[in-house]
Amino acid sequence: MLFHATFNLPHKPNLLNAPFFFNPLKIMMIFSMASVSPLHSPQPTSIETSLLSLFETCKSMHQLKQLHCQAIKTGLFTNPSVQNKIIAFCCTSDLGDVSYARNVFDAVPEPGIFLWNTMIKGYSRVDCPRNGVSMYLSMLNKDVMPDNYTYPFLLKGFTREVGLECGRELHAHVVKFGFDLNAFVQTALVNMYSLCGQMRMARGVFDRSSKTDVVIWNVIITGYNRMKQYDESSKLFCEMEKNGVVPSSVTLVSLVSACSKLKDLEVGKRVHRYVRECKIEPNLILENALIDMYAACGEMDVALGIFDRMKKRDVISWTSIVTGFVNIGQVDLARKYFDKMPERDYVSWTAMIDGYVRVNCFKEALTLFREMQASSVRPDEFTMVSILTACAHLGALQLGEWIKTYIDRNKVKNDIFVGNALLDMYFKCGSVKKARTVFIEMPRRDKFTWTTMIVGLAINGHGEESLDMFSKMLRASIQPDEITFIGVLSACTHTGLVDKGRKLFSGMTTQHGIEPNVAHYGCMVDLLGRAGHLQEAYEVIKNMPMRPNSVVWGALLAACRVHKDAGMAEMAAKRMLELDSDNAAVYVLLCNIYAVCNRWDSLHQLRKLMMDRGIKKTPGCSLIEMNGVVHEFVAGDQSHPQSEEIYSKLEEMTSDLKLLVYSPDTSEVFLDIGEEDKESTLYRHSEKLAMAFGLINSGPRVTIRIVKNLRMCVDCHRVAKLVSKLYDREVIVRDQTRYHHFRYGSCSCNDYW
């Protein structure tokens, strides 16, 4: 449709009513005819008035170009009002074209400050700050002086990069031209410095301002929030109250968000009280911020009260409630609200998945992730971290590999957090080689990357490589932390480097300023106990500056089992039971020690004590992943669809292993039953069922990976060694205490676990 047909002009038909199609080449030819001088009258003609009024109702660049052509044809283009209208539309309207505005601008012989400012504003609108700076410099070269609007328009479009390059120099210009006390310019400077992360400069400008306008308060508070300096945001609220500045809804949202991050319930309640007392009509964004704040502070009753009273809710409202229940560990309630959500985005899915991961419901997390995929919701990098964490704990390497492929193919942001999660997953699944590859390919590494490598290598039995990695970390000027030293001391344990471990333990304080915590003392007890220095290990415990926990005593108790010191074992077990009288694992381990030491009377007495106290051994449970599905076995399990095949394979395994002079080791079976029944009990242990399942369902030489909830018994450990030799398989078992890599008939733990 022709442009003129959409307007009803009051006067007679003239050139404005003639159909006219825009032709860029023709326009350029007309531009070149600048020598034609239009006739002007002191008062605007009816044509001028009509043309200017049409600019006011212009709805598109197509219409504007037709008006522009009509202005040229009628000789009105040189009218400053027409020039201003054309350039203003192109620079300020969302439908405008700044490049077209520049062409028009360049045809104006002596543009005034209004047109310079408008062009600068246009470049800011379309995120071309460098063009804006160039325009500003050209303006100065033409001896056109800036005014009150120039710097706000220019600075508004700055990115962090451009602000860092030009910000301070432009600030100097502001002072030079006398605009440093202008409120709008001050606000623009605070915003620019905040965007660049230069909060000291931003605060300097803010402190010199009159502080009467709420906008500048909003900008500085938003800047502090962006830089995660939430305590400064909170302090500014108190200052606002003293200065009598009335906060806007934007201020309140920023303040409540800061309180949420700080978990500052006191200030958060003050802000909420202000909303109620000042009768501020809460909008959706403010209500969501209040729900998030109360949820972050664990005040779910208040959060639910606001949620229930909301006239309108969106996905953020629902997600805040779900996240709140996740944070306090009430995952069932979180799931209840999650299931009620009318719509879900990737944030809400990730919040629920993360909730399951936090309470160790890893299989549920993976199931929910599959539902997320079925819903065609694209996960982000935070989802990937949660899923990789679940895979790590389940030992689900195949699914973890699929996640890595998904990240690569779908170009999910592969940041340092995803990289660290991949490293952790590979190490927890026993895939050291692939973890090394991920580490090498990571473009950036932080302290957690190095620590994950050191700990991962140590727990998988690569002690010397772990210590070498620690040396590289120090050479890279990365400061180790408490967790790093847990890995380093574990590496010394696995390699038997007692003297090295003593030296590193001592150097924690003297060289790195890190005070050893209870976990580090536990590592030292483990190191000394494994090497047979039981008395020295006991002395370490006695001289600890803090009360030893069950992990420390457990390390000594485990050493007593290996070195068959029943006396010290009794003492360690007694101390553990003082800390946790219902710890079944302590009774079981002490029973095993009595059995190994042939102290049957003591064993029977302890068994009776267990029965009297109602102490029951935690059922053994083993997980194995096959074709992306995690299968779970418990001792004596016959519920698996392949149970018949599994038990048949077990019989075949036992017969084959006996050819290698295998006989069941019943020393740790302390039930009052006959020897044959003891062998039958061993035969049904969960890790043996998992091994048989793995042999049935995987091809030759494929690694079998198992995760066990308890410590492996002596017989299962021996069977795993023989299976690795007889069937030429690597068997990796992650139990409660160690990572066992069984290869060619031996184990990476050197039979100490």
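**Exercise 1. Which hand does the β-α-β unit made by β3, α39 and β4 have?**

Solution. Work on the predicted model.
- Step 1: Find the parts. Strand β3 covers residues 704-708, and strand β4 covers residues 731-734. Helix α39 spans residues 714-726.
- Step 2: Check the strand directions. β3 and β4 run parallel, joined by four bridges. Within this pair, V707 stands opposite R734 in β4.
- Step 3: Apply the rule. A crossover is right-handed if the path from the first strand over the helix to the second runs clockwise, with the strands pointing away from the viewer.
- Result: The unit of β3, α39 and β4 is right-handed.

**Exercise 2. In what order do the six strands form the open sheet?**

Solution. Start with the general idea: strands of a sheet pair through backbone hydrogen bonds, either parallel or antiparallel.
- Step 1: Take the other pairing of β3. β1 and β3 pair in the antiparallel sense over three bridges. Here S622 stands opposite K708 in β3.
- Step 2: Set this beside the parallel pair β3 and β4. The pairing in the sheet is mixed.
- Step 3: Read off the order: β2-β1-β3-β4-β5-β6.
- Step 4: Mark the edges. They are β2 (629-634) and β6 (746-747), and each pairs on one side only.

**Exercise 3. Which helices lie across β4, and is β3 mostly covered or mostly open?**

Solution.
- Step 1: Take helix α22, residues 381-394. This helix lies across β1, β2, β3 and β4, at about 105 degrees to β4.
- Step 2: Take helix α39. This one lies across β4, β5 and β6, at about 40 degrees to β5.
- Step 3: Turn to β3. Four of its five residues are buried, that is, under 20% relative accessible area. β3 is mostly covered.

**Exercise 4. Which element gives the most to the lining of the second largest pocket?**

Solution.
- Step 1: Note the volume, about 990 Å³.
- Step 2: Look at the lining. It has 28 residues, and the closest to the pocket centre are K261, D292, T319, T323 and V347.
- Step 3: List the elements that give two or more residues: α14, α16, α18, α20 and α22.
- Result: α18 gives the most, with seven residues.

How values were computed:
Residues numbered from 1 in each chain as written. Predicted model: local features only at pLDDT ≥ 70, side-chain atom pairs only at ≥ 80, totals over all residues. Heavy atoms only, no water. Pairing = 2+ DSSP bridges. Contact = heavy atoms within 4.5 Å. Axes fitted to C-alpha atoms, helices over the stretch in contact; angles between N-to-C directions. Buried < 20%, exposed > 50% of the residue type's maximum accessible area, 1.4 Å probe, protein only. 1 Å grid on protein atoms, 1.4 Å probe; cavity = no way out; pocket = protein on both sides within 12 Å on 5 of 7 lines; lining within 4 Å. Points joined across faces, edges and corners; volume = space filled by probe spheres on them.
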